[in-house]
Amino acid sequence: MSFLSRRVGIFAFACLLVSGTLLAQDWKTATTLPGVDFSGLSVPQKAAVLKILREQGCSCGCSMKMAQCRMEDPSCSYSTGLAATVIQAIKDGKTPEQAIQAAQTSRYGAEHPSKILDDAIKLPVAGAPVTGPADAAVTIVEFSDFQCPYCILAVPELEALLKVYPTQVKLIFKEFPLEIHSDAYRAATAALAAQKQGKFWEMHYALFGHHQDLSMASILNIAKDLKLDEARLRTDMDSKEIRDIVARDLQDGNTAGVEGTPTIFINGQRYNGRIDLPTLRPLIDAELKKSSKQVTASR
């Protein structure tokens, strides 16, 4: 069986599994939410926080409650910030009413009209793994975590996008392992170590396909399957060079305002929406038209 066939099979199964898990988690009853750290809260405090998140609206303009926004749009920075503010207020001994007020008066609290693309910023990408033509008119930079279920769902959507625009779009991958995912950092170093052997993308797809087991033993089994030098992979994973790259990617993400995964930037513009092909296509088409006009104007 070819690598591509195995990859498609893995993702067909992984996405069905993840989709089923996410659908089973009703935001009205879920006790964990993407990107929300409930650690340090007592049982009554957590119950108070969850009640607030389920009843109070998000300020991003999505018309959803905060908990719903966290479940359905994990890249939303407003619901992330609001939730963190509520949690800190409850930890500080504030009443639920005071916690709600703290969230509403925070920098995340003002109502924001939904904006699908933020203003463009410069993102450092030198040396980062890339797939697609070097002269592509549209560059997508993705900050991702190999253990994140939402990142797993984004993979086939971005792959489909690259197939629709084979000569016009390129994808650059930046590591953003979240602390809440215990094996994500190890996986990030494994992917970058595989890059040194010319097989980043093969390792990338395999790690997402095995996201439920990213132990060192599992990673070495993947390396064996990909015919990588396992000893070299181990050494590179532990090297200062690889750890510095992960640290740099994390810093780049933090500087760019990345607060959850996956987060993508389209020609430097942070994308605030669902990562799926039907939603992304009109944005890519608009960027291509913009690029075409710029080329015509420069002639």
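Of the 299 residues of the protein chain in this predicted model, 49% count as buried. The secondary structure comprises 12 helices and six strands. Among contacts between residues at least 6 apart in sequence, 73% join residues at least 24 apart.

**The sheet**

The six strands form an open sheet with mixed pairing, in the order 1-6-5-3-4-2. Its edge strands, each pairing on one side only, are strand 1 (117–120) and strand 2 (130–131). Strand 4 (residues 169–175) is joined to strand 2 by two bridges, and this pair runs antiparallel. Strand 3 and strand 4, by contrast, run parallel and are joined by seven bridges. The table sets out the two pairings of strand 4, with a residue pair for each.

| Strands | Direction | Bridges | Residue pair |
|---|---|---|---|
| Strand 2 and strand 4 | antiparallel | two | Thr131 and Leu171 |
| Strand 3 and strand 4 | parallel | seven | Val141 and Ile172 |

Strand 4 is largely enclosed by the rest of the structure, because seven of its seven residues are buried. Both of its faces are covered. On one side the buried residues are Val169, Leu171, Phe173 and Glu175, and on the other they are Lys170, Ile172 and Lys174. Charged side chains such as those of Glu175, Lys170 and Lys174 thus appear in the buried set together with nonpolar ones.

Two of the helices that contact this part of the sheet can be described by their direction relative to strand 4. Helix 8 (residues 200–209) packs on the sheet and touches strand 2, strand 3 (138–144) and strand 4; its direction makes about 65 degrees with that of strand 4. Helix 11 (residues 240–255) lies across strand 3 and strand 4, and runs at about 110 degrees to strand 4.

**Nonpolar cores**

In soluble globular proteins, nonpolar side chains tend to be buried together. The largest nonpolar core here has 74 residues, and Leu233 and Ile266 are those with the most contacts inside it. Helix 6 (residues 149–164) gives the largest share of this core, eight residues. A second core, separate from the largest, has 10 residues, among them Ala128, Ile172, Phe176 and Leu178. Ile172 of this second core is also the residue of strand 4 that stands opposite Val141.

Leaving aside residues up to four places away in sequence, Leu233 touches Ala190, Ala193, Ala194, Gln197, Met203, Ile219, Leu220, Ala223 and Leu228.

**The cavity**

How many cavities of 30 Å³ or more are there? The count comes to one. The largest cavity holds about 50 Å³ of space. Its lining consists of Thr131, Glu142, Val155, Leu158, Glu159, Leu162, Leu171, Trp201, His204 and Tyr205. Helix 6 and helix 8 are the elements that give two or more residues to this lining. The largest share, four residues, comes from helix 6.

The cavity lining and the sheet have residues in common: Thr131 and Leu171 both line the cavity, and Leu171 is the bridge partner of Thr131 in strand 4. Helix 6 likewise appears twice, giving the largest share of the largest nonpolar core and the largest share of the cavity lining.

Terms used
Residues are numbered from 1 along each chain as its sequence is written. This is a predicted model: local features need pLDDT of at least 70, side-chain atom pairs count only at pLDDT 80 or more; totals for chains, interfaces and linings use all residues. Side-chain values use heavy atoms; hydrogens and water are left out. A nonpolar core is a set of buried Ala, Val, Leu, Ile, Met, Phe, Trp, Tyr and Cys residues joined through side-chain atoms within 4.5 Å. Buried means under 20% relative accessible area, exposed over 50%, partly exposed in between (1.4 Å probe, protein chains only). Contact means heavy atoms within 4.5 Å. Two strands pair if DSSP finds at least two bridges between them. Axes are lines fitted to C-alpha atoms, for helices over the stretch in contact, and angles run from 0 to 180 degrees between N-to-C directions. On a 1 Å grid over the protein atoms alone, a cavity is a set of points where a 1.4 Å probe fits but cannot get out, and a pocket is an open set with protein on both sides within 12 Å along at least five of seven lines; lining residues have an atom within 4 Å of a point. Grid points are joined across faces, edges and corners, and a volume is the space filled by probe spheres set on the points.
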